[in-house]
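Student: Could you take me through one part of this model closely, namely the buried interior and the elements packed around it? I would like a connected account that I can follow residue by residue on the screen.

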Amino acid sequence: MKIDAITIFPEYFAPLQLSLLGKAQEGGLLSINVHDLRAQTKDIHHTVDDAPYGGGAGMVMLADVWGNAIDGVIEDGSDLIILTPAGRRFTQEMAQELSVATHLIFACGRYEGIDDRVREHYSQQEYADRNIRVREVSIGDYVLGGGEVASMVMIEAITRLIPGVLGNPLSLAEESHNEEGYLEYPNYTRPQEWRGIEVPPVLLSGNHGAIATWRSSQARQRKDANSN
Ligand code: SAM
């Protein structure tokens, strides 16, 4: 999978070189390129924003600068993801869907966000004919200062689903938020007692049937507790 992230703060993405994602890039499973939006400006001040038409607080990011940046990376089959708190909520299901994409572009807004004509332009039929899809995505019902952290949340959730990225693919088998809305049971490791709290005895019993029953009842309890 190829990922391009466009931002005015490329440094935000440094952590993507670490851990499993760093290894996936070294191993050629993944390529992540971060682009500085200001490199697309033509003026001496490298302006990326202006006051909103109609008045109001804050500044809006310029369509022209964004258009130049996106034109530089977009290709047939790209998914263009515009981060916005007004977008569709990111879920594990969307992560699954995007994990089979070939090329993701993340447009990280700042200030009051990106001039809406950018979304409108890349949603036109000529792009749809090239299999290019635009999605406005929110990572949750709160407002962040910019789209960088939101992009990194999405990148991490999506790319760990690509075969070969996780060291042990079985880790994905019983994870929370699967198709049935399952939540994983609690996990424990050594020591058997920590600060007076014992590991549930059934996990030490060696009885695999009893362990499986206990785990599924714990998973159900967690799901019920979280749905209240
Ligand atoms: N004025 C916008 C609104 O009320 O919807 C909020 C803009 S926010 C301060 C600046 C940028 O942060 C957005 O353009 C978006 O890229 C990013 N952002 C903020 N919250 C987000 C969220 N929950 N999910 C995804 N991106 C978010």
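Tutor: A residue is called buried here when its relative accessible area is under 20%, exposed when that area is over 50%, and partly exposed in between. The model is a predicted one, and that should be kept in mind throughout. With this cut-off, helix 2, which spans residues 63-71, has Val65, Trp66, Gly67, Ala69 and Ile70 as its buried residues. These buried residues pack against several elements, namely strand 1, strand 4 (60-61), strand 5, strand 6 and helix 4 (117-122).

Three of those partners, strands 1, 5 and 6, belong to an open sheet of five strands, whose order is 2-1-6-5-7 and whose pairing is parallel. At its edges lie strand 2 (31-36) and strand 7 (133-138), each of which pairs on one side only. If direction is ignored, neighbouring strands of the sheet are turned against each other by 30° on average. Within the sheet, strand 1 and strand 6 are joined in the parallel sense over five bridges, and at one place along this pairing Lys2 stands opposite His103 of strand 6.

The interior can be described next in terms of its nonpolar cores. In soluble globular proteins, nonpolar side chains tend to be buried together. In this model the largest nonpolar core has 30 residues, and those with the most contacts inside it are Phe90, Leu104, Phe106, Met154 and Ile158. Two or more residues are given to this core by each of strand 1 (2-7), helix 1 (19-26), strand 5 (79-89), helix 3 (92-98), strand 6 (103-107) and helix 6 (147-159). Helix 6 supplies the largest share, six residues. A second core, separate from this one, has 20 residues and includes Ile6, Ile74, Ile105 and Val118.

Leu104 is a useful residue on which to centre the view. Once its neighbours within four places in sequence are set aside, Leu104 is in contact with Met1, Lys2, Ile3 and Asp4, with Asp79 and Ile81, and also with Leu98 and Ile158. Ile158 appears again in this list, having already been named among the residues with the most contacts inside the largest core.

From strand 5 you can then follow the model outward through Arg88, which lies in that strand. Arg88 has a relative accessibility of 49%, so it counts as partly exposed. Apart from its neighbours within four places in sequence, Arg88 is in contact with Met94 and Glu97, and with Arg135, Glu136, Val137 and Ser138. Tyr142 is 54 residues away from Arg88 along the chain, and the C-alpha atoms of the two are separated by 13 Å.

The aromatic side chains offer another way to set interior against surface, and the structure holds two aromatic pairs. In one of them, the ring centres of Phe9 and Tyr12 are 6.1 Å apart and the ring planes stand at 55°, so this pair is tilted. Phe9 has a relative accessible area of 33% and is therefore partly exposed, and Tyr12, at 37%, is partly exposed as well. The other pair, formed by Tyr122 and Tyr127, is also tilted, with 5.0 Å from centre to centre and 55° between the planes. Here the surroundings are buried ones, since Tyr122 has a relative accessibility of 2% and Tyr127 one of 8%.

Finally, a few backbone details in the loops deserve a look. Most residues other than glycine have a negative phi, and most peptide bonds are trans. His46, although not a glycine, has a positive phi of about 55°; it lies in the loop between strand 2 and strand 3 (49-50) and, at 39% relative accessibility, counts as partly exposed. Asn131 is a further residue other than glycine with a positive phi, near 65°. Asn131 is found in the loop between helix 5 (125-128) and strand 7, and its relative accessible area of 60% makes it exposed. The peptide bond that joins Arg190 and Pro191 is cis, with omega about 5°, and Pro191 sits in the loop between helix 6 and strand 8 (193-194).

Methods
Residues are numbered from 1 along each chain as its sequence is written. This is a predicted model: local features need pLDDT of at least 70, side-chain atom pairs count only at pLDDT 80 or more; totals for chains, interfaces and linings use all residues. Side-chain values use heavy atoms; hydrogens and water are left out. A nonpolar core is a set of buried Ala, Val, Leu, Ile, Met, Phe, Trp, Tyr and Cys residues joined through side-chain atoms within 4.5 Å. Buried means under 20% relative accessible area, exposed over 50%, partly exposed in between (1.4 Å probe, protein chains only). Helices (H or I, at least four residues) and strands (E, at least two) are DSSP runs, numbered from the N terminus. Contact means heavy atoms within 4.5 Å. Two strands pair if DSSP finds at least two bridges between them. Axes are lines fitted to C-alpha atoms, for helices over the stretch in contact, and angles run from 0 to 180 degrees between N-to-C directions. Rings of Phe, Tyr and Trp (its six-membered ring) pair if their centres lie within 6.5 Å; planes under 30 degrees apart count as stacked, over 60 as edge-to-face and the rest as tilted.
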